[in-house]
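Good morning, and thank you for coming. I should like to take you through one structure, moving from the chains to the helices and then to the backbone.

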Amino acid sequence: MDVIVVLEWAFDAVLGLGLLWLAWRTLNSPDLFKAIVLFISFGLLMALAWVRLNAPDIALAEAAIGAGLTGALLLAALARLRTTTDNTMPAQLPAGSWFQRGLLIVLLSGSAAGLGYAVWILPSHTSGLSMAVTANLDVSGARNPVTAVLLNFRGYDTMLEMIVLLLAVLGIWSLGGLPPRPERPAVAVLDTFSRFLIPVFILAAAYLLWVGADAPGGAFQAGSVLGAAGVLLLLSGWRPGVRLMQWPLRLALTIGAITFIILGVLTLLYEQQLLAYPVAQAGRMIILLESLATVSIAVTLAILFLGESPDPEEKK
Amino acid sequence: MEAILANADWGVIVILLPLTGGIVCFLWPAVSKTAGLITVAAVVLAVAGLGRQIMEHGAYRHTVGGWGAPLGIDLFADGLSLFMLIMTALVGLGISCYAKSYFNPRDAVWFWPVWLFLLAALNALFLAADIFNLYVTLELTGLAAVTLTALTGRIDALSSAMRYLLAMLAGSLAYLLGVALLYHDSGSVDIATLAQRIEPNATVWAALGLMSAGLALKTALFPLSFWLPPAHASAPAPVSALLSALVVKASFYILLRLWLELFADFAEGVSTLLGLLGAAAILWGSLQALRQTRIKLLVAYSTVAQIGYLFLVYPLASASSGLAAGIAAYLAFSHALAKSAMFLAAGNLMRFGGHDRIADLDRAVQRLPLTVSAFALAGVSIMGLPPSGGFTGKWLLLDAAMSQGRWDLAAVMIIGGLLAAGYIFKVLGYAFMQAKEPHDARAVPAGMEWAALLLAVGSILLGLMASEIFALIHPDLVANAGGAVERVWTA
Amino acid sequence: MIQALYFALALFLLLNLCAGLWRILRGPTTADRMLAAQLFGTTVVAMLLLLAQASGNPVLRDVALVFALLAAVTAVAFVQRAWPEEKESEHDLN
Amino acid sequence: MTLTDYATACLLILGGIFFLAGTVGLLRFPDVYTRLHALTKADNVGLGFIMAGLVLQAESWLAAGKLLLIWLLVLFASASVSYLIARRALNKGIRIWM
């Protein structure tokens with residue numbers, strides 16, 4: 001048994017040091033492409049760290065968003081930067097005087113030490129709200145505590161988070177987007193690749209959504225896997241038709257938030273409480289919310305990757 | 001009907017209305033202007049409904065999802081929250097009327113949904129009673145504000161929006177780390193529950209430091225105000241008004257709330273620090289404002305200075321914390337009215353002359369009398385001359401400082417007022433003069449002039465209603481503040 | 001005993017991964033860096049499968065599945081978008 | 001340890017060796033094409049052995065099936081991606097090491 005403890009300890013130590021080192025190199029790299037690759041590696045190790053911290057839900061989200069889609073988004077952003085700016089790499093940050101650097105180092109290490117001490121003295125085990133969550137799990141309509149918190153106990157926060165996603169799209173669109181890049185023709189291998197993989201992605205998303213009711217998974221993870229399928233489609237040269245880019249797209253982007261608001265109004269009218277689901281209906285309502293939120297999240301992520309405003313005439 | 005109106009859950013409606021309005025604007029861009037204006041007007045009515053309920057039945061509480069804190073999320077509104085909601089609704093209405101004529105159709109399509117989401121986020125923030133929910137609303141507010149800043153898509157707007165975004169994210173993350181520490185320490189994110197459990201130890205101190213630093217960054221407290229002037233100066237005029245009048249107040253409100261409920265008892269040293277930074281902000285911001293050659297930058301630096309006044313309440317709070325919070329909220333309101341009027345007036349001047357160079361204002365007073373009156377009236381409140389809201393607020397603050405023997409703070413306030421007079425008269429002076437080279441001017445829609453003037457008049461009227469307002473912020477305070485307010489008027 | 005082997009192998013793979021970081025820093029071409037990231041993806045999938053078995057937590061297999069799916073998307077995004085068609089600068093062509 | 005455990009251990013160690021070979025290849029080989037070759041050894045064979053070792057320990061057919069699926073996915077993705085990278089590298093005129 002002792003061997004295992006030592007091995008686990010060594011694993012965690014290497015993981016922690018590796019994360020710190022990667023974070024530092026990522027911030028510090030003047031080559032943006034190198035920074036992105038380092039960031040992707042950081043996401044991979046971070047997911048492992050969540051696994052070690054016994055938080056498989058976050059590991060799943062990190063795998064889907066942190067290591068997976070963010071990498072693709074950053075690479076697409078880098079490609080756009082290259083088309084709009086000259087190819088020179090950004091200069092090093094101004095170094096500042098020795099005095100400034102020294103002051104910064106003292107300030108940062110001081111705060112880091114203080115923070116480290118504050119974390120060090122934290123009680124190692126506090127139950128927090130987990131007792132209350134467990135006690136109410138039966139009436140929440142979900143068997144996975146994380147899902148119960150996200151969609152029932154704190155569903156109001158999730159409703160606002162759906163608006164955050166929508167705002168991200170609005171922000172990009174309001175800038176008018178950039179002229180579409182001349183796409184590279186998709187080669188036959190890529191075509192076959194996406195033809196085969198996209199159904200697998202959809203199946204995986206459906207599986208994650210379904211399993212979310214009683215195990216780690218759910219709308220955010222399923223949405224990002226589905227969004228990745230959209231990204232793959234876009235990469236193999238598929239473009240949504242002009243008609244699809246009008247109100248059907250806007251409806252898909254908002255359907256998650258709309259469902260939350262409609263359910264909110266209904267519960268306010270019938271239960272006098274915002275998002276208070278009747279116990280008998282709670283399970284069904286959560287499934288409904290999760291499925292439609294999955295659609296919105298997936299479309300949002302794919303649209304973020306596309307990065308263009310829906311109306312080509314609106315370009316500034 | 002009467003019963004329905006009296007029993008309706010106005011707090012929830014105040015949040016759901018702008019959310020729905022924003023989604024409608026997004027789905028049907030063609031109707032966004034109409035839908036936007038109607039929504040903002042409806043929010044004003046809903047806030048009035050909530051106000052009536054609070055006056056009749058006391059503080060408002062709604063248990064979202066029926067779970068109740070600490071497991072679920074509670075919405076909570078007392079006089080202070082109500083006051084901030086009223087501020088947001090009224091200033092928001094004025095700015096919306098202005099924005100109706102300001103934006104071209106292409107930008108309007110994006111302005112309205114984002115502004116309505118911002119309104120929803122602000123309302124949700126003022127109604128929150130849970131530090132994690134506050135984080136979510138803070139994030140929503142920041143993201144909407146950044147989007148609005150970048151709306152014109154010009155290079156300077158984009159680069160200052162980027163800087164703004166990074167500052168906002170750094171602020172939110174620092175706040176979130178504080179939330180995590182507090183949750184781990186006390187096992188709750190509900191403010192009321194935390195208030196019972198919190199005890200000063202290293203973890204709570206770290207949380208206090210992180211949250212205060214993050215919120216001070218978001219409120220642009222000197223020297224963390226580096227992001228504010230470029231962002232506020234390069235945004236479209238209605239957006240600058242929203243940012244300066246409402247968005248910075250949101251993070252300030254959270255800080256005030258945390259202080260009142262959680263930290264006031266044991267963080268006196270930090271209070272002193274916040275007060276010192278506030279005093280530095282007053283002096284530095286005013287001097288910078290005096291040096292500017294462009295109106296929008298001048299107004300933006302003036303915001304940095306006026307935020308300083310808000311932070312002076314912390315060192316003065318120890319003696320009478322409730323009253324100090326009331327003064328801070330009152331100052332925030334009068335600043336919101338005055339500063340939005342100023343930014344809108346600056347927008348009119350820019351529309352009129354195509355530039356905002358102070359030296360080339362070229363007899364604006366003859367050609368845009370309403371706009372210059374708005375600027376002057378708002379200036380009266382910023383300088384703190386009677387009978388404006390700015391005067392009453394600053395007088396109460398001065399009163400508190402002198403009664404506690406803080407002559408240093410009192411001196412800073414007086415110097416700040418003199419400097420403010422300097423930069424406002426600088427603008428007004430040039431508005432009367434003829435420029436060396438006269439240039440052609442463009443027409444400014446009447447709605448834009450009147451919106452600016454009405455907000456400025458509001459900042460003066462606020463001074464005349466001080467007693468009623470203090471009664472609203474905190475019923476218990478009337479006894480305290482009543483005497484002070486009376487002294488203001490007999491003085 | 002077999003438990004110890006799982007952890008030992010996971011640790012071994014992690015060290016392998018750390019060694020591979022050198023390729024990311026060194027380059028020289030963008031493709032080399034991307035290749036290293038691809039190898040990391042597979043390594044992490046293997047580690048997750050080992051940890052799933054070691055800790056008896058089958059959920060980690062789902063995490064591995066998601067990684068396997070999304071690593072492919074990142075690589076395709078690299079080839080289709082982020083790798084400029086034109087010739088790379090001289091030091092990249094060594 | 002049972003016989004199955006021994007088999008698992010052998011397969012896992014074999015897998016580890018291939019991962020090591022892949023990493024060493026990535027670090028030591030001279031150009032993109034040869035490094036690509038090294039990489040696919042780890043992807044296909046290394047993960048394949050580890051997967052095979054774990055399948056022997058799987059608690060159910062479903063779990064074994066999922067492991068197999070993951071391996072097949074990685075196999076398919078790495079083959080396609082390697083092809084895309086090599087093709088693009090050739091088009092870009094990255095010289096082949098001789």
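**Chains, helix packing and backbone geometry**

I begin with what does not touch: chain B and chain C share no contact, and their closest C-alpha atoms lie 23 Å apart. Chain B does not touch chain D either, the nearest C-alpha atoms of that pair being 34 Å apart. Please keep in mind throughout that this is a predicted model.

Let me stay with chain B. Its secondary structure amounts to 22 helices and 2 strands. The C-alpha trace spans about 70 × 55 × 45 Å along the principal axes. Does the radius of gyration of chain B agree or disagree with that of a compact globule? For 491 residues such a globule would have a radius near 23 Å, and chain B has 21 Å, so the two agree.

A similar check can be made on a single helix. Helix 3 of chain B, residues 32-57, has 26 residues and should span 38 Å at 1.5 Å a residue; its end C-alpha atoms are 36 Å apart, which agrees. Just after this helix, B:Gly58 adopts a positive phi of about 85 degrees.

I turn now to helix packing, with three pairs.

The first pair lies within chain A. Helix 8, residues 188-211, packs against helix 9, residues 219-235, at an angle of about 165 degrees, with the axes 8 Å apart. Angles over 145 degrees count as roughly antiparallel, and helix 8 and helix 9 of chain A are therefore roughly antiparallel. The crossing of these two helices is left-handed. On the side of helix 8 of chain A, the residues in contact include A:Phe193, A:Leu197, A:Phe201 and A:Leu208; on the side of helix 9 of chain A they include A:Val225, A:Ala229 and A:Leu232. Which classes of residue make up this contact? There are 19 nonpolar residues, 2 polar ones and no charged ones.

The second pair is within chain B. The axes of helix 9 and helix 11 of chain B, the latter being residues 237-263, come within 8 Å and cross at roughly 155 degrees. That angle makes helix 9 of chain B roughly antiparallel to helix 11 of chain B. Here too I note the handedness: the crossing is left-handed. Among the residues in contact are B:Leu208, B:Met211 and B:Lys218 from helix 9 of chain B, and B:Phe252, B:Leu255 and B:Trp259 from helix 11 of chain B. By class, the contact divides into 11 nonpolar, 3 polar and 1 charged.

The third pair joins two chains. Helix 7 of chain A, residues 155-174, and helix 5 of chain B, residues 105-127, pack at about 150 degrees, with their axes 11 Å apart. These two helices are therefore roughly antiparallel, and their crossing is left-handed. Helix 7 of chain A contributes residues including A:Tyr156, A:Leu160 and A:Trp173, which meet a set in helix 5 of chain B including B:Trp110, B:Pro113 and B:Phe117. This contact has 12 nonpolar residues, 1 polar residue and no charged residues.

Finally, some points of backbone geometry. Where in chain B does B:Pro223 lie? B:Pro223 is in the loop between helix 9 and helix 10, and the peptide bond leading to it from B:Phe222 is cis, with omega near 0 degrees. A cis peptide bond also joins B:Pro386 and B:Pro387, with omega about 5 degrees; B:Pro387 sits in the loop between helix 17 and helix 18 of chain B. In chain A, A:Asn54 has a positive phi near 65 degrees, although it is not a glycine. A:Asn54 belongs to the loop between helix 2 and helix 3 of chain A.

Terms used:
Residues are numbered from 1 along each chain as its sequence is written. Chains are lettered from A and ligands numbered from 1 in the order in which they are written. This is a predicted model: local features need pLDDT of at least 70, side-chain atom pairs count only at pLDDT 80 or more; totals for chains, interfaces and linings use all residues. Side-chain values use heavy atoms; hydrogens and water are left out. Helices (H or I, at least four residues) and strands (E, at least two) are DSSP runs, numbered from the N terminus. The expected span of a helix is 1.5 Å times one less than its number of residues. Axes are lines fitted to C-alpha atoms, for helices over the stretch in contact, and angles run from 0 to 180 degrees between N-to-C directions. Angles under 35 degrees count as roughly parallel, over 145 as roughly antiparallel, 65 to 115 as roughly perpendicular and the rest as oblique. A crossing is left-handed if the near helix is turned anticlockwise from the far one by less than a right angle, and right-handed if clockwise. Contact means heavy atoms within 4.5 Å. Ala, Val, Leu, Ile, Met, Phe, Trp, Tyr, Cys and Pro count as nonpolar, Asp, Glu, Lys and Arg as charged, and the others, Gly among them, as polar. The radius of gyration is taken over C-alpha atoms; the globule rule is 2.2 Å times the number of residues to the power 0.38.
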